[in-house]
Amino acid sequence: MLSYLIGVDIGTQGTKTALLDENGNLIQDAFEPSRLLYPGQNAVTQDPEEMLGSVIRTIRTVMDASGLSPGAVAAVGISGQMAGIMGVGADGMAATPYDSWLDTRCGKYRQPFLDFGEGRVISLTGTPITYAHGPKTLWWKNEHPDVYRKIHKFIQPSAYCVMRLCGLRGDDAFTDHTYIHFSGFADTGKRQWSDELLYGMDVKRDKLPRILRPYDIAGRLTAEMAAQCGLAQGTPFAAGCGDTAASAFGAGIISSGLLFDVSGTASVLACATDIYNPDVKHKTILYASSVIEGLFTPMAYINGGGLCLRWMRDDVLGKEKSFSELDSMAEKIPPGSGDLIFIPHFTGRVCPNDSLVRGSYIGLGLHHKSAHLYRAVMEGIAYEYGIYADIMRELVPTLDFERVISVGGGSISAVFAGIKADVLGIPISTIALADTASLACCAIAGYGVGLYEGVTSLVERSMQIRSTVLPDQGRHEFYLPRKRIYEKSIGDLHGVYGELLGLSPV
């Protein structure tokens, strides 16, 4: 008799839940949009109880639609947003809102890490100092000391949902090793907390959760939650992993030499290697741990790259055209968008961290139409990817990228894929399975309960290339000098925007 698995992905746009059989076939799925809160300047949060509710409701939806008995599900795995944090009390309940990865209020608390020694922090954590767990922890400690004292552990939303579903208390709080490069307090190469960094930042080790492997069983469903979810009491929940780690793993980024593109809210480029060599020089690449032990997934991302395309469609063009119609218009525009350069860093550049680089068009003329503007956005994202790929090759000279696997909403755009392929000079492939994160969560959970011999077994049998766009060498050579101009423009914008901010108000 077949066993079934549930994978849940708590993303920025919403919660996606999929019910798969043990062979990887999709039985049912459900989606519930999320609600981002903006309580102040540079502040972006979410309500942890709403996030938990979305997990419960989407699990219930797929179970009711499937007609399966509650006991048919062998295990559940959950992935979630990575660079934000939330606090839980000793009782395991939320002590803070979810402090989103989009929230930049912690900016000034990057400085203690810089003072400690930027190179040393990067060497240990694998990650440049950005708006992630470390500065966010110091923000809570210094800006809200009363709340900080009540925080038993800092965790991520996926772990919080597992804790609540399984009745875990604060001492049982956990994270898994795919998140810890963002923590500011980890020795990522050894996959453990760093006493050196904790001492240097004056943060007590007991504020941090235990570190599990993604496929470790973190808890079992309580009777109360089982009734709400439509699952059997005692259903095992794996520790799970970060959403980008899940997407990459589910897309088959399980060996060195492949590039991975997440064309979503954030535009993420990652690769896989078994060599740990953090980017101390450029401070751009985040050296993350893969789901697979011994493998790393160096990555970099544009904070809201996909949001730039939505901004163009919704706010500039007034939602008059669909993304498909805009793609068709952009496809008719020659490469280079009429000598137009777009900088996609609307909320500041994250990789490397530079809040004084903001969104911009360079070279606007009266001949530019909406199609030029739209194509330039896609080219700007591709230029940024080109910079990331160059640094990855520098960090691991043995890397030979044979193809890019592209997932996310933007991966369905053939014109966007073509632009990326031409800028990078590497084929771009999409895969038949659109929801790689849910597959990864199911693979992790299934391995955790012994359904599979290896953690990659389900992923390997599910891999199927849907389409491939090959790069054009002529266009690649055309784009190379424009990528250099793009990179130079970023440095120039830093100074210009800094000067603008220094002006006294009228």
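This passage describes the nonpolar cores, two helices and the cysteines of a predicted model. Residues are numbered from 1 along each chain as its sequence is written, and side-chain values use heavy atoms, with hydrogens and water left out. Local features need pLDDT of at least 70 and side-chain atom pairs count only at pLDDT 80 or more, whereas totals for chains, interfaces and linings use all residues.

The largest nonpolar core holds 143 residues. Such a core is a set of buried Ala, Val, Leu, Ile, Met, Phe, Trp, Tyr and Cys residues joined through side-chain atoms within 4.5 Å; buried means under 20% relative accessible area, exposed over 50%, and partly exposed in between (1.4 Å probe, protein chains only). The members that touch the most other members are I6, I78, L165, F174, L231, F249 and Y301. Helix α11 (residues 370-395) supplies the largest share of this core, with 15 residues. Helices (H or I, at least four residues) and strands (E, at least two) are DSSP runs, numbered from the N terminus. Leaving aside residues up to four places away in sequence, F249 touches I254, V291, I292, A440, A443, I444, V455, T456 and V459, where contact means heavy atoms within 4.5 Å. A second, separate core contains 23 residues, among them Y109, Y131, F185 and L197.

Helix α2 (residues 111-125) spans only 16 Å between its end C-alpha atoms, against 21 Å for a straight helix of 15 residues at 1.5 Å a residue; the expected span is 1.5 Å times one less than the number of residues. The helix bends by about 100° at G117, the bend being the angle between axes fitted to the seven residues ending there and the seven starting there. G117 is itself buried, as are F113, V121, I122, L124 and T125. The cover over the buried residues of α2 includes α3 (133-143), β10 (186-187), α6 (195-201) and β18 (286-289). Just after α2, G126 has a positive phi of about 85°.

In helix α12 (residues 414-424), 10 of the 11 residues are buried. These include the charged-type positions K420 and D422 along with V415, F416 and L424. G425, just after α12, takes a positive phi of about 75°.

The structure contains zero disulfides, a disulfide being a pair of cysteine sulfur atoms within 2.5 Å. The sulfur of C271 lies 13 Å from the closest cysteine sulfur, in C351, which is too far for a bond. C271 counts as buried, at 1% relative accessibility. C442 is likewise in no disulfide, the nearest cysteine sulfur, that of C441, being 7.0 Å away. C442 is buried, with a relative accessible area of 0%.
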